[in-house]
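Subject: Structure handover

Hello,

Here is the structure I promised to pass on. My notes follow below it.

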Amino acid sequence: MNGARTDHHPSPTDLERFLLGEMNAREAAPVLVHLMRGCGFCQERMEPITSVMFTPGRKPPLPSQAAEEEYDEVLSKAFAAVRQHAAVLGNDPAAATPAEVISFPPSPERLRCEALLERCREIRSSDPEAAVMLSTLAVTLAERLEARDPEALADFQALAWAELGNSRRVADDPLGAERDLAAALTRSGRGTGDPRLLARLMDLTASLYIDQRRFDDAFDLLDRVYAIHQSLGDRHAAGRALISKGISASYALETEEAVRLVGQGLRLIDAGRDPKLALAAVHNVISFLVDRGEVERADALLGTSRRLYAFHGAPLDALKMTWLEGLIAAGRGEAAEAESLLREARQDFLAMELPYTAALASLDLAALWLGQGRTAETRDLVEDLLATFRALDIRREAIAALLMLREAFHKDRATLALLRTVASELQRLEREPGRTATTV
């Protein structure tokens, strides 16, 4: 063994796995503690990407403008230039010519940065905090790269900053997300002007706006994303923008518009190129149809989509399909089938440690029971939900909604309309930032 092992330093392999996010929490903890103690030997090994991350008092560099002004003001100013550029592209499709592929040589540092960003995208949903760490390392490395083509380098740096901003958004850090997206926009302003990059930054900013319930701003951005991809002849990417806008419309409770937009997007995308996108779009259309009471159309679409779920769906997608089947059965008056399916979905969500989603399925089961006059069972189910939310410290607004429902049951004033209103409120809260880690 070498001296590093004798001195209890992490091995080079362990450092590599740590940087790429391949360790579980138990493995990563001692490595992180060791690095945070300021081990110069290991920092030298991991240069240049760890010195900023693990040296006390140092932070990744920010553009000077972003460091001096409020985050939202910076984002607005930086984004104004992007909007203006996008408007030009929209008015003159011939101007929307993609720039050359990033042309600076694939140095080891650049390849490491790309590997970090790829790993970040893989784990963003399952481990947002780790994704923030990895994308922070990627930004640090990207800022230290050198290239003969400074514009191409600026594009690459913009992508790294955008990935960090998106990771912070998923980790419920909207101010950090605004700051990092502003940095990405600033970098892109020094770049090649590639419309695909601009579309990517607008798409990610729209996701942030949706989290902040700034739907009009998000819709405006997604319209511009759609226009850019249309002008480039990329039907798939244009369809993806429409699907994103449709899902956003559903969050804004514009169900009819959501169905129209997602349906239009489905006609544009290449399902073979991105089957998971196709599945997500189909699932949302079926959900929209169920919400509108069009259960026959929903059932027909679900029937033709089963192979899509089977071949490209994750286990959670299969559970959501069972949930939809229960709702469709309830809408068709098949009470016994609906109860069996909703019970199954509820139990499976709990088994996957998704109590918030299980609560939403439970409220659908409660609506079924209340419609059958099974008031006592429905009241007990609401009490169980309330106890679970309190035990898990799920946000106060959700608990308040359930308390209101419980009070209505105690006063014999509970109605289907009230129960569905509470369910809609919990769905709205689930889509907002600031959820607890126990929610989906």
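I start with helix α20. Its buried residues are A338, E339, L341, L342, A345, R346 and F349. Among the elements that cover them are α19 (315-331), α21 (355-371) and α22 (375-391). Please keep in mind that this is a predicted model.

The length of α20 checks out. The helix runs over residues 335-351, 17 residues in total. At 1.5 Å a residue, the span should be 24 Å, and the end C-alpha atoms are 24 Å apart, so the two agree.

Just after α20 comes E353, with a positive phi of about 60 degrees. E353 is not a glycine. This residue sits in the loop between α20 and α21. With a relative accessible area of 68%, E353 is exposed, because the cut-off for that class is over 50%.

R213 makes a useful companion to E353. R213 also has a positive phi of about 60 degrees and is not a glycine. Its place is the loop between α12 and α13. R213 is partly exposed, at 28% relative accessibility. As background, most residues other than glycine have a negative phi.

Aromatic contacts

The count of aromatic pairs comes to 2. One of them joins W323 and F349: the ring centres are 5.5 Å apart and the planes are at 75 degrees, so this pair is edge-to-face. The pair links distant parts of the chain, with W323 in α19 and F349 in α20, 26 residues apart. Is W323 buried or exposed? W323 counts as buried, at 13% relative accessibility. F349 is buried too, with a relative accessible area of 0%.

A charge also meets a ring elsewhere. The charged end of R110 sits over the ring of F156, 5.8 Å from the ring centre.

Nonpolar cores

The largest nonpolar core has 37 residues. Within this core, M202, I243, I286, V290, A298, L302 and Y309 touch the most other members. Several helices each supply at least two residues: α12 (195-211), α13 (215-231), α14 (235-251), α15 (255-268), α16 (275-291), α17 (295-304) and α19. Which helix gives the largest share? That is α16, with 10 residues.

I286 is worth a look on screen. Leaving out residues up to four places away in sequence, I286 touches A298, L301, L302, Y309 and L324.

Another core, of 36 residues, lies apart from the largest one. Its members include A338, F349, A401 and L429. A338 and F349 are also among the buried residues of α20. In general, nonpolar side chains tend to be buried together in soluble globular proteins.

Helix α9

Helix α9 covers residues 128-144, which makes 17 residues. At 1.5 Å a residue, α9 should span 24 Å; its end C-alpha atoms are 25 Å apart, which agrees. Of the 17 residues, 13 are buried, so α9 is largely enclosed by the rest of the structure.

Single residues to inspect

H312 is in helix α18 (residues 306-312). At 31% relative accessibility, H312 is partly exposed. Beyond its neighbours within four places in sequence, H312 is in contact with P275, K276 and L279. H312 and A278 are 34 residues apart in sequence, yet their C-alpha atoms are 9.4 Å apart in space.

D384 belongs to helix α22. D384 is partly exposed, with a relative accessible area of 45%. From C-alpha to C-alpha, D384 and S362 are 9.9 Å apart, with their positions 22 residues apart in sequence counted as separation.

Cysteines

How many disulfides does a search of the whole structure find? The result is 0. C113 counts as buried, at 0% relative accessibility. C120 is likewise buried, at 0%.

If you open one view, choose the edge-to-face pair of W323 and F349. After that, turn to I286 and its contacts, A298 and Y309 among them.

Best wishes

Conventions:
Residues numbered from 1 in each chain as written. Predicted model: local features only at pLDDT ≥ 70, side-chain atom pairs only at ≥ 80, totals over all residues. Heavy atoms only, no water. Helix = DSSP H or I, 4+ residues; strand = E, 2+ residues; numbered from the N terminus. Expected span 1.5 Å × (residues − 1). Buried < 20%, exposed > 50% of the residue type's maximum accessible area, 1.4 Å probe, protein only. Contact = heavy atoms within 4.5 Å. Phe/Tyr/Trp six-rings, centres within 6.5 Å; stacked < 30°, edge-to-face > 60°. Lys NZ or Arg CZ within 6 Å of the ring centre and 35° of its normal. Core = buried A, V, L, I, M, F, W, Y, C linked by side-chain atoms within 4.5 Å. Disulfide = S-S within 2.5 Å.
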